[in-house]
Amino acid sequence: MALLRFGSEFPIPTLQRELERFFHNPAFTQGLSGHGTYPPLNVFENKEGVVIVAEVAGLDPSQIHIAGHGRTLNISGERKARETGNPVGFHRRERSFGAFSRSLQLADDYDMDRAEAKYQNGVLVVRVPKAESAKPRQITVQAG
Amino acid sequence: MTAQEMTAKEKQELSAAQEKTRPGRYYMPDVDIREFPDHLELWADMPGVSDKNVHITLENGVLSLEGRVDTDLYEGLSPLYTEYNVGNYFRQFSVHESVDCAGIKATMRNGELQLTLPKVEAAKPRKIEVQVS
């Protein structure tokens, strides 16, 4: 699978094309996956491990809880409205608020104990590194 | 009492009438517009957009909001499984003449854009004292 490399002036079309390939893949749309649950997740990998990304605007980092139980990673939290006061009326009301929780099963080769999470500009990024035992190793050939 | 559960909704792509000349697809941010006696508040969700990459313009009574997402995060990553697409955001609103355009203020925090649109003095509610004749 091609790694996303954005040398070009226009990285977004490349990224959109790569992400979209999965939306039409029947292996991921026949009920086995979590489509429709909040927050939608994108899962990537790189040399270090797996990277889980979610767009969750307007959260307070202290309201995001990430827990690992064995191979299961759980992301939960609550989005509370930041605005105060009682308006006299609403012209648009499209954003949603409330609690969310999602779990995700990872393969055995990841080390949940060393997982890291970062929340920036409303995007949550959880990185779970590969377990030492799953990393490729060089085997020295000994002269016989 | 347990909090209301959030549900995922599909991101809305920009319609053809508003299509942009920049490459890539644009999405419409989810917006709340709340009216108060002396001002309006506009909140827009643009996850992935930093305060430096949000552009707000007001021209001929049309307020345009554009947010460009940061793609650095995806450099060197290989997708395994995806549920949503990523793109820039764009949305326009006609601004009523009761809004004091010079007084509009914007802040961006955690992917959440907040605009405060004060009303011009003439549009603010006022109390009229009834005089005893």
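These questions and answers cover how chain A and chain B meet in a predicted model.

Residues are numbered from 1 along each chain as written, chains are lettered from A in the order written, and side-chain values use heavy atoms, without hydrogens or water. Local features need pLDDT of at least 70 and side-chain atom pairs count only at pLDDT 80 or more, while totals for chains, interfaces and linings use all residues.

Me: How many residues does each chain bring to the contact?
Reply: Contact means heavy atoms within 4.5 Å. Chain A brings 70 residues and chain B brings 56 residues.

Me: What area is buried between chain B and chain A?
Reply: Buried area is the accessible area (1.4 Å probe) that two parts lose on being put together, summed over both. Carbon and sulfur atoms give 55% of it here. The total is about 6100 Å².

Me: Which three residues supply 14% of the area that chain B buries against chain A?
Reply: No other three residues of chain B supply more. They are M6(B), Y81(B) and Y84(B).

Me: How many salt bridges does the rule find across the interface?
Reply: A salt bridge needs a side-chain nitrogen of Lys or Arg within 4 Å of a carboxyl oxygen of Asp or Glu. D45(B) and R79(A) meet in one, at 2.8 Å, N to O. Across the interface of chain B and chain A, the count is nine.

Me: What is the make-up by class of the side of chain B that touches chain A?
Reply: Ala, Val, Leu, Ile, Met, Phe, Trp, Tyr, Cys and Pro count as nonpolar, Asp, Glu, Lys and Arg as charged, and the others, Gly among them, as polar. The make-up is 26 nonpolar, 15 polar and 15 charged residues.

Me: Which strand of chain B pairs with strand 1 of chain A?
Reply: Strands are DSSP runs (E, at least two residues), numbered from the N terminus. Two strands pair if DSSP finds at least two bridges between them. Here four bridges join antiparallel strands, with V43(A) opposite Y81(B) and N42(A) partnered by T82(B). The partner of strand 1 (residues 41-45) is strand 7 of chain B.

Me: What is the strand order of the open sheet of five strands?
Reply: The pairing is antiparallel. Strand 7 (116-120) of chain A and strand 7 of chain B are the edge strands, each pairing on one side only. The order is 7(A)-8(A)-2(A)-1(A)-7(B).

Me: In the three-strand sheet of chain A, in the order 3-4-6, which strands stand at the edges?
Reply: Each edge strand has a single partner strand, so one side of each is left without a neighbour in the sheet. The edges are strand 3 (64-69) and strand 6 (98-105) of chain A.
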